[in-house]
Amino acid sequence: MKLSQRMLTGGAVALALTAFAGAVQAECDWKPERPVTYIVPWGAGGGTDANSRMLASMLEAKMGQPFNVVNRTGGNGVVGHSAIANADPDGYTIGAVTVEITMMEHAGLTDLNQDDVTGIALVDIVPASVLVAADSPYQTLDELLAYAKENPGELTASGTSQGGIWHLAIAGLLNAEGMDPQAIRWVPSEGAAAGMQELIAGGVDVATPALSEGKALVESGELRALAYMNPTRMAALPDVPTTKELLGSEWTMAAFITVSGPKGLPEEITCSYEKAALEIFETPEWAEFKASRGADVVSMGSADLTEMMDQTYENLGATMKAIGIAK
Amino acid sequence: MRFSDFALGLGVAVFGIAVLLHVRTFPEIPGMQYGPAFFPGLIGAAFLICGVALVVGSVVRGAALTERFAERPAWFGDRLAVWRAVGVVLSVVAYALVSPVLGFLLTVALLTAGLLLLMGVRWVVVVPLMVLLPLFLHYGFAQGLRVPLPRGPLELLLF
Amino acid sequence: MAEVFELVFRWDVLSTIFLAACYGLFVGSVPGLTATMSVALLVPITFFLDPVPAVAAIATASATAIFAGDIPGALLRIPGTPASAAYVEEAFALTQKGQAERALATSLVSSCLGGLIGVALLAVFARQLASFAVKFSSVEYFWLGCLGLTAAVAVSSSSLVRGTLGLLIGLFISTVGIDIATGHARFTFGQLDLLDGVSFIPAMIGMFALSQVIRTVTTELDSVVPKAKVGSLSGEMVRVVRSYWKNICRSAVFGNILGALPGAGADIAAWIAYSLSKRFSKTPEKFGTGHAEGIADAGAANNSAVCGAWTPALVFGIPGDTVTAIAIGVLMLKGITPSPRVFTTDGTMVYAIFLAFALANLLMLPLGMVAIRVARQALSIPKRVLMPLILVFCIIGAYAVDNTLFSVWIMLGLGILAYFMEENGIPIAPAILGIVLGKVIEKNFLITMIKSQGEVAGFFDRPVAAVLGATTLLLWGWLVVLAVVRAARARKHAAAT
């Protein structure tokens with residue numbers, strides 16, 4: 001009895017303190033007092049998972065409580081993103097919201113969009129690529145597009161589900177170049193690895209995953225990268241030309257990974273996590289981790305991230321409409 | 001509950017038909033006759049065939065209407081056995097409903113104790129198990145394997 | 001070579017291997033927790049270890065847990081992986097004859113040898129195996145899935161209609177969730193948690209463990225497992241190796257090749273090995289009645305397939321399952337990029353991993369014997385005490401993998417379904433295989449159709465696909481002929497009497 005009373009008063013004091021802090025000015029020194037659940041909407045071992053596990057472990061060291069990574073996969077990301085959005089905004093559930101949050105509403109999968117989450121910080125940004133098998137007849141993106149233009153529907157591409165981000169990458173590129181978005185037909189796959197396996201096996205002609213995902217196979221000579229859908233070249237693969245150099249439309253496409261909380265996450269908690277994350281991104285450990293994956297360190301806080309997600313929502317919505325996969 | 005071939009076949013066939021009707025509402029891939037409905041439709045049809053095979057088999061054997069549609073398992077006569085079966089099912093339901101409120105430790109302690117008593121185990125055995133099992137599992141899963149188990153009053157007190 | 005030994009024979013690596021082996025054996029052998037779950041939960045924790053201990057831990061735990069899953073399989077009829085469901089009836093039949101030790105000794109020694117042969121093949125032929133494996137496209141996977149299903153029906157001891165019904169139930173469950181071609185949510189009834197389909201681990205726990213608990217508390221609460229003395233474990237193992245070394249070698253090679261196929265191989269290797277074992281056995285009539293031969297074949301294929309799954313992961317960075325997916329992440333974290341050149345660029349590291357793999361399989365022998373003894377003792381705990389504990393394990397085992405209470409509901413629903421299936425003579429093992437393979441088959445069927453724009457010819461226009469397809473179709477034809485002949489013979493027999 002005594003104990004529960006003490007707990008109650010303790011809770012009340014904490015509550016009053018939070019309210020007080022919120023009213024005056026966010027101090028950004030909130031710390032979790034029990035384990036935090038870190039939801040990843042994609043499978044273990046993928047890029048989102050690896051980035052999130054690394055960040056979670058470094059948050060754990062910084063904030064002194066376990067950050068338990070939980071993979072909630074399924075429904076092209078809908079399941080995991082809903083779990084993040086529907087959690088209590090108390091700072092004890094955060095997660096890896098990815099670019100798909102801006103697409104799923106357009107695709108008619110759910111009502112969920114970026115307004116249902118609170119962006120804390122950008123973790124990674126991964127531009128798409130155009131890959132072909134080593135024995136493919138196409139040496140350049142131009143040759144590939146020229147063939148597709150003359151023989152629409154003959155070539156196939158893969159790398160993610162129907163209407164997934166890498167599908168948008170190629171269909172949007174074709175559309176931006178004034179071609180039929182169906183000129184290269186999309187073959188759905190469960191993720192980038194499965195898509196690249198199809199490519200090596202000769203099941204499809206093109207794959208358009210993130211260049212970072214295809215990097216190992218490009219370096220080993222199994223696959224050939226025709227283009228990088230980014231304004232600047234990748235430091236780890238400097239020979240791969242960018243779409244900005246190659247195409248009149250300067251089409252680019254990238255996926256992103258964030259750390260975010262549910263909608264209505266208190267300012268104090270958001271800015272505490274934001275501060276911690278941005279400090280982590282400065283460390284040599286993080287830089288080393290990023291380098292191992294052939295990626296650059298990005299650093300973007302809550303306000304800019306929210307704006308970027310809104311922007312992406314508009315852009316991808318327009319692309320999805322243009323290529324006919326928006327509902 | 002053991003059903004006669006006739007009853008089982010009828011049930012399976014009806015299920016097959018229900019699946020076949022339901023998959024007609026699935027969208028198609030433009031320009032292709034194989035879409036999301038194809039595979040479930042195939043399975044529904046196979047259910048239907050299996051069901052019909054069972055029914056026909058029992059009619060041929062002349063057992064269609066002479067056999068009882070459903071045979072109660074013998075343990076239905078044993079009241080304790082029925083309670084034990086109900087207890088097993090209900091404790092799973094109870095965990096799903098109650099653990100978010102009571103937390104892992106309390107729920108598992110209560111379930112363990114309840115089930116053991118239902119099986120007719122003596123208190124001497126029940127008490128240590130209901131204390132040790134939840135703590136052991138909590139230690140292994142929450143601390144060791146880092147599974148976020150549901151938290152309740154006992155967790156707040158202990159951890 | 002000396003460097004390789006230096007990397008592995010360090011106290012931290014060796015102790016990690018030892019601990020991982022103990023963990024795999026312990027958690028894998030707890031009924032209701034399942035081997036699949038134990039590996040799934042351990043693997044992410046290794047993410048931040050150094051590469052050699054991390055990968056060694058993953059490899060060790062998966063090898064030992066897969067064997068350990070056979071312990072509750074043989075003793076309580078609760079298998080730990082979809083693969084060990086292939087021979088659970090056989091092992092349990094041995095237990096019922098009082099020969100649990102024989103079943104487990106067979107399983108242990110064939111797992112160990114299968115694993116060792118698997119590592120050896122991996123070390124020598126990884127490059128070739130991987131090149132072969134990545135040449136598989138959706139068509140080949142489609143046929144492979146069909147072959148796996150055929151094996152399930154072929155070994156099923158129940159009637160053709162009931163065996164098929166079991167399979168169909170599994171296949172139907174596999175169609176729940178978003179479909180790959182259009183993204184349409186099928187049979188989800190508005191449940192978000194069903195979008196990804198019925199989660200496999202809770203399904204397996206429900207269908208095998210929960211249904212067994214219900215059956216036990218209603219009818220077998222006071223039964224005891226018969227115990228006949230069959231001689232020492234080690235003596236038994238020597239006998240198994242002497243009689244079945246050919247089976248073990250054959251199935252290990254075969255399992256390794258199948259295991260190298262990302263996504264489907266490891267699950268079906270044991271099934272196909274078991275049905276081949278029956279096909280080529282001199283005493284096929286003994287299968288299903290408690291005969292060690294099938295267990296030796298399937299056990300060897302099973303553990304060898306686990307090694308095989310590492311080939312495409314190491315050589316091309318294409319993971320076969322979650323386990324190897326995380327392993328790739330661990331390697332990349334430490335600057336080792338999987339590639340065909342990995343044997344030259346990071347050769348020491350790769351061979352160190354193989355060595356750790358081999359050690360794990362060797363270590364499994366003594367530890368496994370201890371585990372068998374302990375488990376055998378645990379069986380003398382009255383079922384009144386055991387069943388409630390198993391039920392609690394089932395609940396936490398189902399919950400822990402996805403951390404959602406929905407999985408607990410799935411386990412309950414499928415557990416009750418499986419209870420009724422068994423009551424009505426519909427086998428459960430094919431249903432489990434159906435859940436695993438249904439997705440593989442449908443996905444690859446639709447992908448192939450999308451590629452060929454609806455042309456059926458697309459299923460035969462690649463050489464490997466044509467061979468696999470023809471084999472499958474011939475097998476189906478043969479099964480039908482066999483069923484017809486059997487029915488005719490039965491009728492003649494009935495007419496005669």
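At 28% relative accessibility, Cys22(C) falls into the partly exposed class, because that class covers the range between the 20% limit for buried and the 50% limit for exposed. This comes from a predicted model, so everything here is computed. At the other end of the scale sits Cys394(C), with a relative accessible area of 0%, which makes this cysteine buried.

Next come the bonds between cysteines. A disulfide is a covalent bond between the sulfur atoms of two cysteines. Counting over all chains, the structure has just 1 disulfide. The bond ties Cys28(A) to Cys271(A), with 2.0 Å from S to S. The twist about the S-S bond is -120°, so the link between Cys28(A) and Cys271(A) is left-handed. The two partners come from distant parts of the chain, 243 residues apart: Cys28(A) lies in the loop between α1 (2-24) and β1 (36-40) of chain A, while Cys271(A) belongs to helix α9 (residues 267-282) of chain A. Cys271(A) is also buried, as its relative accessible area is 5%. Back in chain C, Cys22(C) takes part in no disulfide. The nearest cysteine sulfur belongs to Cys112(C) and is 16 Å away, whereas a disulfide needs the two sulfur atoms within 2.5 Å.

Chain C also offers a helix to check with simple arithmetic. Helix α13 (residues 292-308) of chain C has 17 residues, so at 1.5 Å a residue it should span 24 Å. The C-alpha atoms at its ends are indeed 24 Å apart, in agreement with that expectation. As for its surroundings, 17 of the 17 residues of α13(C) are buried, so the rest of the structure largely encloses this helix.

How values were computed. Residues numbered from 1 in each chain as written. Chains lettered and ligands numbered in written order. Predicted model: local features only at pLDDT ≥ 70, side-chain atom pairs only at ≥ 80, totals over all residues. Heavy atoms only, no water. Helix = DSSP H or I, 4+ residues; strand = E, 2+ residues; numbered from the N terminus. Expected span 1.5 Å × (residues − 1). Buried < 20%, exposed > 50% of the residue type's maximum accessible area, 1.4 Å probe, protein only.
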